[in-house]
Amino acid sequence: MQLGRVTGTLVATRKDPKMEGMKFLVLRQVDIDNEDTAGYVVAVDAVGAGVGEVVMYASGSSARQTELTNNRPCDAVVMAIVDEWDVDGETRFRK
Amino acid sequence: MQLGRVTGTLVATRKDPKMEGMKFLVLRQVDIDNEDTAGYVVAVDAVGAGVGEVVMYASGSSARQTELTNNRPCDAVVMAIVDEWDVDGETRFRK
Amino acid sequence: MQLGRVTGTLVATRKDPKMEGMKFLVLRQVDIDNEDTAGYVVAVDAVGAGVGEVVMYASGSSARQTELTNNRPCDAVVMAIVDEWDVDGETRFRK
Amino acid sequence: MQLGRVTGTLVATRKDPKMEGMKFLVLRQVDIDNEDTAGYVVAVDAVGAGVGEVVMYASGSSARQTELTNNRPCDAVVMAIVDEWDVDGETRFRK
Amino acid sequence: MQLGRVTGTLVATRKDPKMEGMKFLVLRQVDIDNEDTAGYVVAVDAVGAGVGEVVMYASGSSARQTELTNNRPCDAVVMAIVDEWDVDGETRFRK
């Protein structure tokens, strides 16, 4: 999984019927030190994440393994809100 | 999912039989600020997107989860036309 | 899908039994302007493409959705020969 | 598979129900010479790896092929602890 | 598929039970001209490749389509030993 910061939401009225009701989050990818990178991804929210939160997302077919996204044309899902992580014995992020 | 701008269409008369009738869109990938990048992808259109529109596409096996693309050799599908998104409280794109 | 130019063929006598009879094409990846890039891929030919032709290929599990490649250890398949595409109202490639 | 060094753990209280009980490891990706790269991945631990160990991880749908991760929204799994590898006749890493 | 040169083997005593008995090869990725790149991958050997040989490998779910790797947490498999390939009418590699 990769890490991202929820920077906002995305609205798409016209979409594949299977995507009705999904909430799309715009994630800024962050690196192992919780610094912003140039990368982003739009992911379906499966855990009720809010703007500003640091989250973990799964990509590819694994993004369809939540109850919400099963069998849908979704290749990225926020599947966890991150509390903290450490790197080499030092906390790099704490909520 | 990633974001792209529909820049044109692609014609391929000779193709795998399962791809008959598919409409291929050439997408210029855009970044989180809606600026063009060097990247592109050719995606099947599942939502009736037009040239100039900003769309969201799914890749990999998730691209086969629309009714149109099911079981076909298609690894990218336009599954939504984007109305707007925001980043850090500011609208970055509005249709 | 991505675009490539067929630059040659690849011969592999010793291979997984499921790959017997497959024709391997060496593709130079091209960009949206049909310029060569540094990238390449070896793909199974599902459409009878010849050297010099510009083709479209599917990657990952989608590469196994042609009749030829079904259930085989193949992660790239040429599934269309490209006739033309346009970008911002201008033809970028015509066969 | 790719190689990584376990640099720490990640805690996420709120997560998809299918991810309950999983242990998340923060891996620094290493290159063929066992040097750190800028890349990282958060992977589920399927083998009881400890901080500091060099491990091998599988990505994508293959990350769901362990008993632990089956059918879960997990796109990276540590599936082996590395003892050693060699490159061009020379040992590059030994535990 | 991509091309690589077998540079050595990797030993991992502690691993997911499904990976027992697998032989892991360390591959240096090569480009279309058979020059080394900085990239590498650890792949399961399905064809009996030896150190120094140039091979073709499949990634992702396609890496699980050999009899040996079926249903295992393996995302890269060597599925062919390369005899030769040509680029623009010129042989770039011959075994």
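## One salt bridge between chains E and C

Let's start with a small detail: between chain E and chain C there is 1 salt bridge. Keep in mind that what you are looking at is a predicted model. The two partners are E:Asp88 and C:Arg5, whose side chains meet with 3.2 Å from N to O. The strands that give two or more residues to the side of chain E that touches chain C are strand 1 (2-11), strand 5 (54-59), strand 6 (76-81) and strand 7 (84-87) of chain E. Sorted by class, that side of chain E has 14 nonpolar, 8 polar and 5 charged residues.

Side chains of opposite charge can pair when their charged atoms come close. How many salt bridges does a search of the whole structure find over all chains? The answer is 35 salt bridges.

## How chains E and C meet

Now for the rest of this contact. Chain E brings 27 residues to it, and chain C brings 30 residues. Together they bury about 2,300 Å², with carbon and sulfur atoms accounting for 50% of that. Which three residues supply more of the area that chain E buries against chain C than any other three? They are E:Met1, E:Ile32 and E:Gln65, and their share is 30%.

There are also 19 residue pairs in polar contact between chain E and chain C, counting pairs with both residues at pLDDT 80 or more. The backbone joins in, too: strand 2 (residues 14-15) of chain C pairs with strand 6 of chain E in the antiparallel sense, over 2 bridges. If you want to find this spot in the structure, look for C:Lys15, whose bridge partner in strand 6 of chain E is E:Ala80.

## Turning chain E onto chain C

Two copies of a chain are related by a rotation about an axis and a shift along it. For chain E and chain C, the turn is 72° and the shift along the axis is 0.0 Å, and this lays chain E on chain C with an RMSD of 0.0 Å.

Do the copies meet through matching patches or different ones, and what share of the interface residues of chain E are also interface residues in chain C? Only 4% are, so the copies meet through different surfaces.

## Chains D and A

Next, look at chain D and chain A. A rotation of 72° superposes chain D on chain A, with 0.0 Å of shift along the axis and an RMSD of 0.0 Å. The two copies are therefore related as by a five-fold rotation axis. They use different surfaces, with 3% of the contact residues of chain D recurring in chain A.

In this contact, 30 residues of chain D touch 27 residues of chain A. The buried area between chain D and chain A is about 2,300 Å², and 50% of it comes from carbon and sulfur atoms.

## What holds the D and A picture together

Chain D and chain A have 1 salt bridge between them. Here the side chains of A:Asp88 and D:Arg5 meet, at 3.3 Å from N to O. Four strands of chain D each supply at least two residues of the side that touches chain A: strand 1 (2-11), strand 2 (14-15), strand 3 (24-30) and strand 4 (36-45). Strand 1 of chain D gives the most, with 6 residues. By class, this side of chain D has 14 nonpolar, 7 polar and 9 charged residues.

Strand 1 of chain D also pairs with strand 7 (residues 84-87) of chain A, in the antiparallel sense and over 2 bridges. One place to look is A:Glu84, whose bridge partner in strand 1 of chain D is D:Val11.

## Chains C and B, and chains that stay apart

One more salt bridge is worth a look: C:Asp88 forms one with B:Arg5, and the closest N and O atoms are 3.2 Å apart. This pair crosses between chains, running from C:Asp88 in the loop between strand 7 (84-87) and strand 8 (90-94) of chain C to B:Arg5 in strand 1 (residues 2-11) of chain B.

Some chains do not touch. Chain A and chain C are one such pair, with their nearest C-alpha atoms 10 Å apart. Chain B and chain E do not touch either, and their nearest C-alpha atoms are 10 Å apart.

How values were computed:
Residues numbered from 1 in each chain as written. Chains lettered and ligands numbered in written order. Predicted model: local features only at pLDDT ≥ 70, side-chain atom pairs only at ≥ 80, totals over all residues. Heavy atoms only, no water. Least-squares fit on C-alpha atoms with pLDDT ≥ 70 in both. Contact = heavy atoms within 4.5 Å. Buried area = accessible area lost by both parts, 1.4 Å probe. Salt bridge = Lys/Arg side-chain N within 4 Å of Asp/Glu carboxyl O. Nonpolar A, V, L, I, M, F, W, Y, C, P; charged D, E, K, R; others polar. Pairing = 2+ DSSP bridges. Polar contact = N/O pair within 3.5 Å; in protein donor to acceptor, adjacent residues only side chain to side chain.
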